[in-house]
Amino acid sequence: MTNAVSATTHSATTNAGAADSASVDEAALRAAIANCDPAPLLMSLIHVTGDLGLLEEFGPRLEISVPGTHYQTANSNTLPAGVYPADVVADIRERAVELLVGSDLTAAMGVPPAEVFADMARVATSQVVDDEFVPLLLEQAGFVSDRRNVPVTVAPPADFDVIVIGAGITGINAAIKLGEAGFSYTVFEANSDIGGTWHRNLYPGAAVDTPSHYYSYSFELNPEWTRYYPTGPEYQRYLLSVVDKYGLREHIRLNTEVVSATWSEGDQRWQVVIRDAAGKTSTRSARAVVSALGMLNAPNIPNVPGLDSFAGTVVHTAQWDPALDLTGKKVIVLGTGCTSVQVVASIVDQVASLDVVARSPHWIVPERAVVNDVAAEQRWALAHLPFYHEWFRLRSYWFASDNLYRLPRVDPEWAATHFSASAENDMVLRNAQKYLQDNFADDPELMAKLTPDFRPYAKRIVKDPGFYAALKRDHVSLHRASFAEVTADGVRTTEGEFLEADVIILATGFKLQFTTAIDIVGRDGRSLAQVWDGGEDPRAYLGVQVSGFPNLFVTSGPNSAPNHGAGHNITSEEQVHYIVECLQYLIENDHQSMDVRPEALAEYNARVDEALDETVWMHPGGQVNSYYRNSAGRAVVPCPWRLVDYWTMLREPHPEDLTFVTADRSPDVEAVRS
């Protein structure tokens, strides 16, 4: 290994340019060095100095291990994954003072070559980082922008226009990448502003349960996050800032609902009917349609007898009224998923009484960072130390992604004699059970009510924002039941209890719809809802394309959610990248449309089903009612692949799996190009 690497092109998100040393706030720099994370600090030192000898100096002092999981328990000889020994941390901070104080914080080294980057990633994570992960890490950590795979020799013609449905995290991403690739596009958003989930979710305590420094665009890193897990309003502000930076407003039509989309075989275009806020409908034509609606949109309102007779206030968390005052009220919350625990932890100090009704509790794990603010010193380091932010993001991703791939997988031999699915799954179980024991050792009845009867990961793992602490309060009660009926003044549960209430909060999530709420009609006159059996059995190629629906791309499609780790943001970027590559392939090859071969769709889904059959999503070990599964018990939401596998699959279109209609032949003749 050489001891220095010259500067190369790097992400524009890092403040790695030259600066007058006199302009560097020395007090802030010293404070940051004393408090920021040591691993990205060490990497920043290498970028500033260009000295790879720092890897050789510090690397051998770390306990490099194969990737495990963040549920591993430390022993006397082993530190938790990614944690540096105290003496190494002290030496890194001392070296940083020596090298950075008085420096102008200019990066002598930009993005290193792949083999050097892999060595740096190994030291940054204290784990083995195989070469297959390097391209993904370079992109997802923000070192480089996503790289085009289809050769770009032809600019998109003006009449190759694209309609994007939805202006949430994926729709915004699609708008940016389509614009950068030169495609004309319009985004239709039914709501009054952008943001999707984070525009709608205004309930108390609404927050992202994926780390903020990772749950953001890889090409738009934000050093100013105030929380390690951002609140809903802060995340919405981030999305708004991205929209403004890229000038997307002129392309977005708010308060405009897409009613239907019909494929016209004659002119090889989609005819899209839209409806504005006044109820007026009109038709727009587009060469391609991208659905960026997500899979969860319509609130799931339980069908409970008497719900309309309640004399107080009934509110679903997705339809929250910010004017609702809970002070001194008797409140019932239905549900114990991610939303419920956030609401309960947030309103417990306001209400007179709080009854939490839970039919099926989730496994809940501790996560201190959920409620932690990002210290000012950390934010300074993220904003000012060259490449510190990228390495910080890389670690956030690494320890919450494919490290966790084994956790929901079933080991048949282990599962035959254990409640948990595997030795790895058992680590999560023991961690969650210990957390229960630590909190409720003096209340075995409450502990029993909070203990699920299914394996960890069969439903979403919940990170505790203060829910357990709230349940210990004298005015809070947990009921292992559901609603049997609602009366004018309260709720009777399925266990026969009557609970008085002034306010009923439905934290019951959303209906799983994918894109079936819109009437999308394809090549054979069949609607997507028909093909997907009303949304009960959705199947897509790569989670994106459906046979018979040319030039339709469904993001957040069936079996594409990264349920073992990471977040929706990586799926969004992967799928948008694939869509842009597909559209570029069309114009490069003078094609008007592409469709998926039915046999390719069937073969892909056969592999999906085979891989899913090895998971707790299909073998939960108990009776599980989860949006992950349809009424027949098939897991329709989770992606069965590692994130690196799915990322690789979506680098470019696979022509052998597709059919095409060429521009120089009659539209009813399909041409296949390999």
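Start by selecting Cys-582 in this predicted model. Its sulfur sits 17 Å from the closest cysteine sulfur, the one in Cys-639, which is too far for a bond. Check the surface while you're there: at 0% relative accessibility, Cys-582 counts as buried. Now jump to Cys-338, where the closest cysteine sulfur is again in Cys-639, this time 19 Å away, so no bond is possible there either. You can stop hunting after that, as a search of the whole structure finds zero disulfides.

Next, bring up residues 568-588, which make up helix α18. Add helix α7, residues 169-180, and look at how the two pack: their axes come within 9 Å and cross at roughly 35°. The crossing is right-handed. To see what touches, show side chains for Ile-169, Thr-170, Asn-173, Ala-174, Lys-177 and Leu-178 on α7, then His-568, Asn-569, Ser-572, Glu-573, Val-576, Val-580 and Leu-583 on α18. Colour that set by residue type and you'll get six nonpolar, five polar and two charged.

From there, select 591-596, strand β22. What is its setting, buried or exposed? Six of its six residues are buried, so the rest of the structure largely encloses this strand. Add 658-662 to bring in β23, which pairs with β22 in the antiparallel sense over five bridges. A handy one to zoom in on is Val-596, whose bridge partner in β23 is Leu-658.

Now for a sheet with another pattern. Strands pair through backbone hydrogen bonds, so switch those on. Five strands form an open, parallel sheet, and reading across you should find β3-β2-β1-β7-β21. Which strands stand at the edges? Pick 252-253 for β3 and 552-554 for β21: each has a single partner strand, so one side of each is left without a neighbour in the sheet. Stay at the β21 end and add β7, residues 288-291; the two run parallel and are joined by three bridges. Centre on Val-290 and you'll see Phe-553 of β21 standing opposite.

Last stop: Asp-373, in the loop between β12 (364-365) and α11 (376-384). With 55% relative accessibility, this residue counts as exposed. Ask the viewer for its contacts beyond four places in sequence and you'll pick up Thr-226, Arg-227 and Tyr-228. Then draw a distance from the C-alpha of Asp-373 to that of Pro-230: the separation is 9.1 Å, although the two residues are 143 apart along the chain.

Definitions and conventions:
Residues numbered from 1 in each chain as written. Predicted model: local features only at pLDDT ≥ 70, side-chain atom pairs only at ≥ 80, totals over all residues. Heavy atoms only, no water. Axes fitted to C-alpha atoms, helices over the stretch in contact; angles between N-to-C directions. Helix = DSSP H or I, 4+ residues; strand = E, 2+ residues; numbered from the N terminus. Left-handed = near helix turned anticlockwise from the far one by under 90°. Contact = heavy atoms within 4.5 Å. Nonpolar A, V, L, I, M, F, W, Y, C, P; charged D, E, K, R; others polar. Pairing = 2+ DSSP bridges. Disulfide = S-S within 2.5 Å. Buried < 20%, exposed > 50% of the residue type's maximum accessible area, 1.4 Å probe, protein only.
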